[in-house]
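Subject: A structure for you to explore

Hi there,

Here is the structure I promised to pass on. Have a look at it first, and then read my notes below.

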Amino acid sequence: LQRSEETIPVHDESIKGFGSYNGKVLQKKTEKALFNKEARLGQLQRSEETMPDSDEAINRFDSSMDAALREQAATVLNSKGLRLLIKAKQTWDNEIEREKLLKNALVCFDESLRKKNDYLIALGNKGYVLFLMNRTDDAREALHIALKTGRENLRNAELENAANSTVPEDTAFREIIARLWEELNVR
């Protein structure tokens with residue numbers, strides 16, 4: 001129904017209700033409610049509100065005995081990193097804030113990859129952050145691996161990221177993606 005805004009209080013009530021009980025089933029329901037709330041706030045571009053929920057979800061998923069929930073921590077970390085990256089682009093003219101946000105985004109992508117080493121979208125996002133941090137060789141390496149395996153879906157995702165809150169460096173980033181793509185398709 002496209003009424004994401006209305007789901008936030010429902011997720012909050014679920015988290016409160018489920019979080020006060022013990023047991024695997026209720027723990028999973030709490031973790032799922034946290035994940036869904038974090039996802040909805042992200043869709044609504046309310047990134048400031050998602051950070052505490054992201055952190056709580058990461059902590060809960062990380063400590064879960066369920067491997068699938070621990071893998072969700074990688075997803076949440078990637079989402080958090082992407083929100084930090086976008087915020088860095090939105091504050092591009094403030095070099096100190098930009099660098100701080102990019103470093104924090106890189107930490108999120110690295111941690112996401114530690115939890116799920118084949119998480120190509122996190123690897124592509126890491127490449128993008130490295131590029132924005134002027135670490136071009138490191139960026140090319142990460143992007144090459146991500147594009148080689150992730151192919152067109154990953155290329156499209158990275159181009160979409162570069163189109164969000166554009167900065168002057170995005171033109172050069174799109175050129176690197178195009179060159180890497182060409183190299184991979186010539187071989």
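To begin: in what order do the elements of the protein chain run from the N terminus on? They run α-α-α-α-α-α-α-α. That fits the count of eight helices and zero strands in the chain. Please keep in mind that this is a predicted model.

Two overall values help to set the scene. Of the 187 residues in the protein chain, 41% count as buried. Among contacts with a separation of 6 or more, 62% are between residues 24 or more positions apart.

I spent most of my time on helix α6, so let me walk you through it.

Helix α6 covers residues 120–132. From its first C-alpha to its last, this helix of 13 residues reaches 18 Å, which is close to the 18 Å expected at 1.5 Å a residue. Is α6 mostly covered or mostly open? It is mostly covered, with 10 of its 13 residues buried. The buried residues are Ala122, Leu123, Gly124, Asn125, Gly127, Tyr128, Val129, Leu130, Phe131 and Leu132. After α6 comes Asn134, which has a positive phi, near 65 degrees.

Now for the neighbours of α6, starting with α5.

Helix α5 (residues 95–115) packs with α6 at an angle of about 155 degrees, and their axes are 9 Å apart. An angle over 145 degrees counts as roughly antiparallel, so that is how α5 and α6 lie to each other. Their crossing is left-handed. On the α5 side, the residues that meet α6 are Leu102, Ala105, Leu106, Phe109, Asp110, Ser112 and Leu113. Their partners in α6 are Ala122, Leu123, Asn125, Lys126, Val129, Leu130 and Leu132. Sorted by type, the residues of this contact between α5 and α6 are 10 nonpolar, two polar and two charged.

Next comes α7.

With α7, helix α6 packs at an angle of about 120 degrees, and the axes are 7 Å apart. The two helices are therefore oblique to each other. Here too α6 makes a left-handed crossing, this time as it passes α7. The contact of α6 with α7 has 14 nonpolar, seven polar and two charged residues.

One residue of α6 is worth finding on your screen: Phe131. Why does Phe131 count as buried? Its relative accessible area is 8%, and buried means under 20%. Leaving aside neighbours within four places in sequence, Phe131 is in contact with Thr136, Ala139, Glu169, Ala172, Phe173 and Ile176. You can also compare Phe131 with Asp170: they are 39 residues apart in sequence, and their C-alpha atoms are 9.4 Å apart in space.

Finally, look at α7 and α8.

Helix α7 (residues 136–163) packs with helix α8 (residues 169–186) at an angle of about 90 degrees, with the axes 9 Å apart. That makes α7 roughly perpendicular to α8. Among the residues making the contact are Leu143, Leu147 and Arg151 of α7, and Phe173, Ile177 and Trp181 of α8. Altogether, the residues of this contact between α7 and α8 divide into 10 nonpolar, three polar and 10 charged.

Enjoy looking around, and write back with any questions.

Best wishes

Note on methods
Residues numbered from 1 in each chain as written. Predicted model: local features only at pLDDT ≥ 70, side-chain atom pairs only at ≥ 80, totals over all residues. Heavy atoms only, no water. Axes fitted to C-alpha atoms, helices over the stretch in contact; angles between N-to-C directions. Helix = DSSP H or I, 4+ residues; strand = E, 2+ residues; numbered from the N terminus. Parallel < 35°, antiparallel > 145°, perpendicular 65-115°, else oblique. Contact = heavy atoms within 4.5 Å. Nonpolar A, V, L, I, M, F, W, Y, C, P; charged D, E, K, R; others polar. Left-handed = near helix turned anticlockwise from the far one by under 90°. Buried < 20%, exposed > 50% of the residue type's maximum accessible area, 1.4 Å probe, protein only. Expected span 1.5 Å × (residues − 1).
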